[in-house]
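Trainee: Could we take a close look at a single part of this model, going through it step by step? I would like to know which definitions stand behind each statement.

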Amino acid sequence: MTTILLRAFALTLLLFSGVSHAQSIVIDKAVARATVGKMPNGAAFLQIENKGADDVLLSGSSPASSKVEIHTMSMDGNVMKMRALDQLALKAGQKMEMKPGNGVHIMLMGLKKPLAAGDKFPLTLNFRKAGKIEVTVDVAEMGMPMKKGDGDMHDHDHGHNHHHHHE
Ligand SMILES: [Cu+2]
């Protein structure tokens with residue numbers, strides 16, 4: 001009886017320590033697009049949920065690239081253009097999912113080596129309030145839209161190939 005209780009207690013402690021302190025920012029589905037040839041830069045997409053108060057993503061870093069930038073892209077006529085954002089605001093309760101089509105993404109500038117499908121690498125994001133959060137990014141082939149029927153009208157896949165030379 002006592003042993004079982006103790007075990008249950010220990011297990012509870014273990015579970016809690018695994019989760020660590022309740023995090024206001026929860027990052028999930030971190031995926032980077034596999035690169036082709038010697039593409040200098042890569043793009044990663046995350047789902048970020050802000051379970052706390054208003055916060056701001058300030059910067060990022062990763063051993064996979066020399067720099068990490070927050071990017072947005074938009075159509076300028078029929079040319080897809082990206083630009084770096086200084087920061088990305090996340091309101092309390094906001095859940096944003098970066099997708100190859102919806103503009104905002106994490107840009108890995110100056111890849112140390114090509115990103116191959118199946119690889120993983122760490123990415124650290126620095127939030128004003130939540131502080132530094134490290135996630136593991138999975139590299140996947142993302143040549144095709146992730147879901148059928150998701151933005152078929154405007155195929156985003158050409159997006160990342162011809163707009164990397166902003167400097
Ligand atoms: Cu970009």
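Is His71 buried or exposed, and what is its relative accessible area?

Mentor: His71 is buried, with a relative accessible area of 0%, where buried means under 20%, exposed over 50% and partly exposed in between, for a 1.4 Å probe and protein chains only. Before building on that, please keep in mind that this is a predicted model, in which local features need pLDDT of at least 70 and side-chain atom pairs count only at pLDDT 80 or more, while totals for chains, interfaces and linings use all residues. Residues are numbered from 1 along each chain as its sequence is written, and side-chain values use heavy atoms, with hydrogens and water left out.

His71 belongs to strand E4, which covers residues 65–76; strands here are DSSP runs of at least two residues, helices are runs of at least four, and both are numbered from the N terminus. Through ND1, His71 is one of the protein donors of the copper ion, together with Met82 (SD), His105 (NE2) and Met107 (SD), and these atoms lie 2.1 to 2.2 Å from the ion. A donor is an N, O or S atom within 2.8 Å of the metal (3.2 Å for Na, K and Ca), and a site may look incomplete because water is not among the atoms. The angles among the 4 donor atoms run from 93 to 130 degrees, and the site is tetrahedral, a label given to four donors if all angles lie between 85 and 135 degrees. For reference, the ideal angle for four tetrahedral donors is 109.5 degrees.

Along the chain, the donors follow the spacing H-x10-M-x22-H-x1-M. Met82 sits in strand E5 (residues 79–85) and His105 in strand E8 (residues 105–111), so this pair ties together parts that are 23 residues apart in sequence. Met82 is buried at a relative accessible area of 8%, and His105 is buried as well, at 0%.

His71 has a further partner: its side chain is joined to that of Glu69 by a polar contact of 2.7 Å. That term denotes a pair of N or O atoms within 3.5 Å; within protein, one atom must be able to donate a hydrogen and the other to accept it, and residues adjacent in sequence count only if both atoms are side-chain atoms.

As for the setting of the site, the chain has 1 helix and 10 strands, the helix coming ahead of the strands from the N terminus, and 37% of its 167 residues count as buried.

Methods. Tetrahedral: all angles 85-135°; square planar, octahedral: opposite > 155°, others 65-115°.
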